[in-house]
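Work through the exercises below with the sequence and the 3D view at hand. Each task is followed by a solution in steps.

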Amino acid sequence: MSFFSSFLLGLIQGIAEFLPISSSGHLAIAQNLLGMQDAGVVPEFFDVLLHLGTLVAVFVAYWLSLIHISE
């Protein structure tokens, strides 16, 4: 998988995370729509990194709320 493909899928994951859609389904759809030759063959480690990035994005988006919960 090229750097551009990885970046694009990460961007799609980050944007679509806050939408009420499947966490992995949008990646499969994007791969097919963009004609990526390795569609459906995302290595497990890359998939885990995408979801880890999503977790970081959620913490960043809700950081102030999380801080106020502990008070």
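**Exercise 1. Find what the buried residues of α3 pack against, and describe the helix they belong to.**

Step 1. The model is a predicted one. In it, the buried residues of α3 pack against α1 and α2.

Step 2. List these residues: Phe46, Leu50 and Thr54 are buried in α3. They lie on the same side of α3, because they cover an arc of only 90 degrees around the axis.

Step 3. Look at the face of α3 turned away from the buried side. The exposed residues Glu44, Phe45 and Val48 are carried there.

Step 4. Check the length of the helix. α3 has 18 residues and reaches 26 Å from its first C-alpha to its last, close to the 26 Å expected at 1.5 Å a residue.

**Exercise 2. Decide whether Thr54 is buried or exposed, and list its contacts beyond its neighbours within four places in sequence.**

Step 1. Locate the residue: Thr54 is part of helix α3.

Step 2. Apply the cut-off: a residue is buried under 20% relative accessible area. Thr54 has 7% relative accessibility and therefore counts as buried.

Step 3. Leaving aside neighbours within four places in sequence, Thr54 is in contact with Gln13 and Glu17.

Step 4. Compare with Leu50, treated in the same manner. Leaving aside neighbours within four places in sequence, Leu50 is in contact with Leu9, Gly10, Gln13 and Leu27.

**Exercise 3. Sort the residues of α1 by the face they occupy.**

Step 1. Collect the buried residues of α1: Ser5, Leu8, Leu9, Gln13 and Ala16. Seen down the axis of α1, they fall within an arc of 135 degrees, so they line one face of the helix.

Step 2. Turn to the face away from this buried side, where α1 carries the exposed residues Phe3, Phe4, Phe7 and Ile15.

Step 3. Identify the partners: the buried residues of α1 pack against α2 and α3.

Step 4. Add the span. With 14 residues, α1 reaches 20 Å from its first C-alpha to its last, close to the 20 Å expected at 1.5 Å a residue.

**Exercise 4. Do the same for α2, and inspect what follows it.**

Step 1. In α2, the buried residues are His26, Leu27, Ala30 and Gln31. Down the axis of α2 they fall within an arc of 135 degrees, so they line one face of that helix.

Step 2. The face of α2 turned away from its buried side carries the exposed residues Ile29, Asn32 and Leu33.

Step 3. The buried residues of α2 pack against α1 and α3.

Step 4. Just after α2 comes Gly35, which takes a positive phi of about 70 degrees.

**Exercise 5. Which residues form the largest nonpolar core, and which helices each supply at least two of them?**

Step 1. The largest nonpolar core has seven residues: Leu8, Leu9, Leu27, Ala30, Met36, Phe46 and Leu50.

Step 2. At least two residues of this core come from each of α1 (3-16), α2 (25-33) and α3 (44-61).

Step 3. Put this in context: in soluble globular proteins, nonpolar side chains tend to be buried together.

**Exercise 6. Summarise the whole chain.**

Step 1. The protein has four helices and zero strands, and its elements run α-α-α-α from the N terminus on.

Step 2. Of its 71 residues, 18% count as buried.

Step 3. The protein exposes about 5,200 Å², and carbon and sulfur atoms supply 73% of that area.

Step 4. Among contacts between residues at least 6 apart in sequence, 54% join residues at least 24 apart.

How values were computed. Residues are numbered from 1 along each chain as its sequence is written. This is a predicted model: local features need pLDDT of at least 70, side-chain atom pairs count only at pLDDT 80 or more; totals for chains, interfaces and linings use all residues. Side-chain values use heavy atoms; hydrogens and water are left out. Buried means under 20% relative accessible area, exposed over 50%, partly exposed in between (1.4 Å probe, protein chains only). Contact means heavy atoms within 4.5 Å. Accessible areas come from the Shrake-Rupley method with a 1.4 Å probe; for residues, only the protein chains shown count as cover. A nonpolar core is a set of buried Ala, Val, Leu, Ile, Met, Phe, Trp, Tyr and Cys residues joined through side-chain atoms within 4.5 Å. The expected span of a helix is 1.5 Å times one less than its number of residues. The arc is that of the directions from the helix axis to the C-beta atoms.
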